[in-house]
Amino acid sequence: MRLPILTEPDRPREACGVFATWNHPEPARAAYYGLFALQHRGQESAGIATTNGREITRHTGMGLVSQVFSADDLERLDEYARQARPDDRGSAIGHNRYSTTGSSSEDNAQPMQCLFASGPMAIAHNGNVVNAHLLRGELEARGHIFHTTSDTEVVLQLIADAASDQSDDPLGAALQQLRGAFSLVFLFDDHVEVARDPWGWRPLVLGQDKDGALIAASETVALDVLGAEFIREVEPGEIVRLDDTGFSSRHYGEAPATRAHCVFEHVYFASPASRVFGKSVQVVREELGRRLAQEAPVAADLVTPMPDSGRSAATGYARESGLPYREVIIPNRYVGRTFIKPTDEERRAAVRLKLNIISDAVAGKRVIVVDDSIVRGTTTRLKMDQLREAGVAEIHLRISCPPIQNPCYFGVDFAQRDRLIAAQHNVEEIRTMLGVDSLHFLTLAGLLANASSDQTPAEDFCTACYSGNYPIPVDGKLNKEIFHR
Ligand code: SF4
């Protein structure tokens, strides 16, 4: 059986990246650099909000961080923020978006902002709230009017609702009602707050630079670009306030029986330059490759990564197997969108534009190709075809995570179940469909053995896309367009 050739992206896509800073001389510029470092977490839209101590302003747009902000935009945001304090320092929050609930449109770009009786607030969100549609229905029945199709607006309206009920802690009261994944940053006129869901699905870290600016971000790589020191992770179920007294902490709601850190952050999403859930992502990925070599050794002439996602694991595989590591699949980094006619030959040409095979290095060779995951398999098949055309004698494909058999409802845009190749076919069938000589997916035990640590034991990871064991009940009909009428 041959796979259809599709032009849709065949890579998992992450929900978002978030950033916040307090007491920074150029808070918008700091957010800009932080968002640059977090660009891998979302490429659809970006935004930064700052406050002048009375009101909030923001700049958002569709596209990459480099496309959304000009130097003038950043200067305007920083000028505004410096009005908040006599020492010319200010605060900002920022966001990179890939939509997992709500459409990809400027209306849904974040940070979102609103005005409460107590003052202005802006919010930015990474994750996916699985009961947002139910909460929205209840709020609408009570007269709340929604302006977007994003689950983040539900959070905003819950806070407004709790505030009007005179709650001592409107933020904590709102967050207690949410189920699912959320790492949130909030900008108020006189402080910043950040919060993480009680299961700890998505990462969120705290840091401080040498001049005393406080920072929170999705990943440590955003601290590194600002020369800031990593302080600690925000704990699951914790709200941290950033103000002139430093970081202050409170917890909301009851702690669930288990944590649910997304193990796929280690496999694919997080930057290899980050530390996530207590471990270096690069080191974990190399170890996954080493484990793959132990689980599925094969006689071959060289090990090569699928660029760029398989590079870390391929390094580990080569080291463990003692085989030479060579990069023979070379990406063309300057190809953006390709405008192609809907024929198989044109689509093959588009893939050839994006990847070149060094045929002199592979002709007649037995090649082990290492990649991090297979979602639908369509792009993988085209790449395997290219290797064959370049004269490779044998292709042994090694994947550094188990087969993805179930959709994710917690902030990763895996295709629906009927588009996941491993939900429809066993490993031997997939091997035949991809046209490779052997295929091995890393076992779940192997993945967890390397991702876990003293800080994060194996049972504290979410593995639902592999195992089907969802840490909380989910409605199987959920999808990103749930709020569309
Ligand atoms: S289902 Fe998979 S991708 Fe989604 S949170 Fe769980 S481990 Fe991560």
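This report walks through a predicted model of a protein, from its overall form to its sheets and its ligand.

## Overall form

The protein has 485 residues. Its secondary structure comes to 17 helices and 23 strands. The radius of gyration is 23 Å, close to the 23 Å that the globule rule gives for 485 residues, so the protein is as compact as a globular protein of that length. Along the principal axes, the C-alpha atoms fill a box of roughly 70 × 50 × 45 Å.

How much of the protein is buried? Of its residues, 51% count as buried. Contacts often link distant parts of the sequence. Take the contacts between residues at least 6 apart in sequence: 72% of them join residues at least 24 apart.

## The seven-stranded sheet

One open sheet has seven strands. Their order is E3-E2-E4-E1-E10-E9-E11, and the pairing is antiparallel. Which strands stand at the edges? They are E3 (56–62) and E11. Each has a single partner strand, so one side of each is left without a neighbour in the sheet. From one strand to the next, the twist averages 15 degrees.

A helix also belongs in this picture. Helix H1 (residues 27–37) lies across four strands: E1 (16–24), E2 (45–51), E4 (90–97) and E10. H1 runs at about 25 degrees to E4.

## A closer look at strand E9

Strand E9 covers residues 205–208. In the sheet order, E9 sits between E10 and E11. Four bridges join E9 to E10 (residues 214–217), and the two run antiparallel. Four bridges also join E9 to E11 (residues 229–233), again antiparallel.

Individual residues show how this works. Val 205 has Ala 217 as its bridge partner in E10. Gly 207 has partners in two strands: Ile 215 in E10 and Phe 230 in E11. E9 and E10 form a hairpin, with five residues between them. In the turn, Gly 212 has a positive phi of about 95 degrees.

Are the faces of E9 covered or open? In a regular strand the side chains alternate between the two faces of the sheet. In E9, Val 205 and Gly 207 lie on one side, while Leu 206 and Gln 208 lie on the other. All four are buried, and both faces are covered.

## The six-stranded sheet

Another open sheet has six strands, in the order E5-E6-E7-E8-E12-E13. The pairing here is antiparallel too. E5 (112–116) and E13 (246–251) stand at the edges. Each has a single partner strand, so one side of each is left without a neighbour in the sheet. The twist averages 20 degrees from one strand to the next.

Within this sheet, E7 (residues 180–188) and E8 (residues 192–196) pair over five bridges, in the antiparallel sense. Ser 183 stands opposite Arg 196 in E8. Helix H5 (residues 151–164) packs on the sheet and touches E5, E6 (119–129) and E7. The direction of H5 makes about 135 degrees with that of E6.

## Around the ligand

Which residues surround the ligand? They come from several stretches of the sequence. One is Trp 201. Cys 262, Val 263 and Phe 264 follow, then Cys 408, Phe 410 and Val 412. Cys 462, Thr 463, Ala 464 and Cys 465 complete the list.

What classes of residue make up this shell? By class, 10 are nonpolar, one is polar and none is charged. The polar residue is Thr 463.

Terms used. Residues are numbered from 1 along each chain as its sequence is written. This is a predicted model: local features need pLDDT of at least 70, side-chain atom pairs count only at pLDDT 80 or more; totals for chains, interfaces and linings use all residues. The radius of gyration is taken over C-alpha atoms; the globule rule is 2.2 Å times the number of residues to the power 0.38. A residue is buried if 20 or more other C-beta atoms lie within 10 Å of its own, exposed if 12 or fewer, and partly exposed in between; C-beta atoms are placed from the backbone. Two residues are in contact if their C-beta atoms, placed from the backbone, lie within 7 Å. A residue is near a molecule or strand if its C-beta atom, placed from the backbone, lies within 6 Å of it. Two strands pair if DSSP finds at least two bridges between them. Axes are lines fitted to C-alpha atoms, for helices over the stretch in contact, and angles run from 0 to 180 degrees between N-to-C directions.
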